[in-house]
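Below is a short report on selected sites in one protein model. Look at the structure first, then read on.

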Amino acid sequence: MGAGGRMNDSTTPKDVFKHVPVEKPSFGIADLKKAIPPHCFKRSLTTSFYYLFRDLGLIYTFYYIATNYITLLPQHYSFVAWPLYWIAQGSILMGLWNIVHDCGHHCFSDYQWLDDTIGFICHSLLLTPYFSFKYSHRTHHANTSSLEKDEVWVPKRKQDTWFYEVLSNPVGNLIMLAFRLLFGFPLYFMFNLHGRIYKGFPSHFNPLGPIFNDRERAQIWLSDAGVLTVLYALYRIGAKEGVQWVFYIYGYPLMAMSAFFIMFTYLHHTHPSIAHYDSSEWDWLRGALSTVDRDYGILNNLFHDVTSAHVVHHLFSSIPHYHTVEATQYIKPILGDYYNYDYTPILKAIWRDTKECLYIEEDPEKKGVYWFRK
């Protein structure tokens with residue numbers, strides 16, 4: 001029985017617009033940790049490498065099919081085959097990206113050097129600055145749903161959203177959604193789009209920027225070097241194979257991966273029922289609980305359940321991805337109404353939340369608590 005007053009029945013659809021509790025819960029993080037079996041916190045090098053090599057094997061398989069078969073298809077068939085390849089390969093790249101995200105949380109192995117080595121190589125191959133993201137993401141986990149200190153998907157207050165009247169219509173919603181999916185990933189890393197407001201130039205590629213402290217700056221230079229090396233390699237491949245080859249085999253799948261990344265991270269932290277808090281009301285536990293688990297069907301498996309077990313990940317980021325679903329089942333009875341799971345089909349959910357979650361306003365009865373509005 002949870003502090004919300006009853007067991008959360010995740011098999012029964014609920015009113016997605018009903019606000020989750022914002023009172024400080026009667027349980028603490030220690031109570032939740034006691035409910036999770038100890039083995040869920042243990043890293044397995046064998047299991048981690050299994051998932052890593054599984055994804056790498058699938059990536060190579062799709063690459064082989066594309067370069068040896070799709071390129072030989074008649075044009076009218078290739079119009080269908082290429083987009084299918086881009087989406088399929090992009091989903092596997094997203095899975096690989098999420099495994100490397102585990103490396104940043106040091107839950108791939110017991111060896112920090114190994115986690116950072118694998119993370120640096122694989123994230124660089126996906127044009128992601130590994131150490132830059134590792135450090136900003138750590139800040140995100142430490143300040144989730146804080147209006148002043150969270151690092152990503154920080155909502156705008158109505159008075160700060162000058163464009164909401166323009167976007168508060170179906171055409172504006174569609175333009176905003178398309179822009180977000182197409183450009184949100186690179187613009188977040190380059191210009192901190194949807195991120196916290198800083199003085200200076202808050203880019204993940206700026207080692208001297210305000211996102212990082214002095215101890216981290218050398219590794220930000222290394223992250224930049226990794227991405228630049230991959231870009232140079234792509235340039236050389238393009239010079240040999242042609243620009244179209246690079247885009248068809250690598251570029252468009254990476255764009256699909258980027259869209260997946262924006263889609264599920266946006267839906268993790270944007271929902272009509274969850275609250276955000278200013279400094280007068282925020283605390284770590286309620287902030288971490290202001291996240292949403294969702295059902296992505298087969299993509300749950302391909303994305304290594306970061307989609308369907310995100311709440312427990314924010315509570316215990318050291319749990320490897322292959323234990324998060326199990327751990328979630330143990331804490332749900334304690335969380336009660338504080339646990340937020342939305343079964344709305346994903347395409348319907350992202351369209352709904354794009355329309356319903358344009359900005360936030362303060363709760364008139366609870367100072368320091370903010371809800372999404374349109």
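Aspartate 116 touches Tyr130, Phe131 and Lys134, leaving out residues up to four places away in sequence. Keep in mind that this is a predicted model.

**Aspartate 116 and its partners**

Aspartate 116 sits in helix α4, which covers residues 112-125. With tyrosine 130, the link is polar: the two side chains make a polar contact at 2.8 Å. Aspartate 116 has a relative accessibility of 13%, so it counts as buried, the cut-off being under 20%. Valine 100 gives a further reference point. In sequence, valine 100 and aspartate 116 are 16 residues apart. In space, their C-alpha atoms are 8.9 Å apart.

**Lysine 134**

Now take the contact from the other end. Lysine 134 belongs to helix α5, residues 130-142. Its contacts, apart from neighbours within four places in sequence, are Gly104, Gln112 and Asp116. Is lysine 134 buried or exposed? Its relative accessibility is 16%, so lysine 134 counts as buried.

**Histidine 321**

Histidine 321 is in a loop, between α12 (310-315) and α13 (324-335). Which residues does histidine 321 touch, not counting those up to four places away in sequence? They are Tyr51, Ile99, Asp102 and His304. Histidine 321 counts as buried because its relative accessible area is 9%, and the cut-off is under 20%.

The table sets out the three sites.

| Residue | Location | Relative accessibility |
|---|---|---|
| Aspartate 116 | helix α4 (residues 112-125) | 13%, buried |
| Lysine 134 | helix α5 (residues 130-142) | 16%, buried |
| Histidine 321 | loop between α12 (310-315) and α13 (324-335) | 9%, buried |

**The three-stranded sheet**

The model also has an open sheet of three strands. Their order is β1-β5-β4, and the pairing is antiparallel. Why is one side of β1 and of β4 left without a neighbour in the sheet? β1 (275-277) and β4 (359-363) stand at the edges and have a single partner strand each, so one side of each has no neighbour there. From one strand to the next, the twist averages 40°.

In general, strands of a sheet pair through backbone hydrogen bonds, in parallel or antiparallel fashion. Here, β4 pairs with β5 (residues 366-373) in the antiparallel sense, over five bridges. One residue pair shows the register: isoleucine 360 has phenylalanine 372, in β5, as its bridge partner.

Note on methods: Residues are numbered from 1 along each chain as its sequence is written. This is a predicted model: local features need pLDDT of at least 70, side-chain atom pairs count only at pLDDT 80 or more; totals for chains, interfaces and linings use all residues. Side-chain values use heavy atoms; hydrogens and water are left out. Helices (H or I, at least four residues) and strands (E, at least two) are DSSP runs, numbered from the N terminus. Buried means under 20% relative accessible area, exposed over 50%, partly exposed in between (1.4 Å probe, protein chains only). Contact means heavy atoms within 4.5 Å. A polar contact is a pair of N or O atoms within 3.5 Å; within protein, one must be able to donate a hydrogen and the other to accept it, and residues adjacent in sequence count only if both atoms are side-chain atoms. Two strands pair if DSSP finds at least two bridges between them. Axes are lines fitted to C-alpha atoms, for helices over the stretch in contact, and angles run from 0 to 180 degrees between N-to-C directions.
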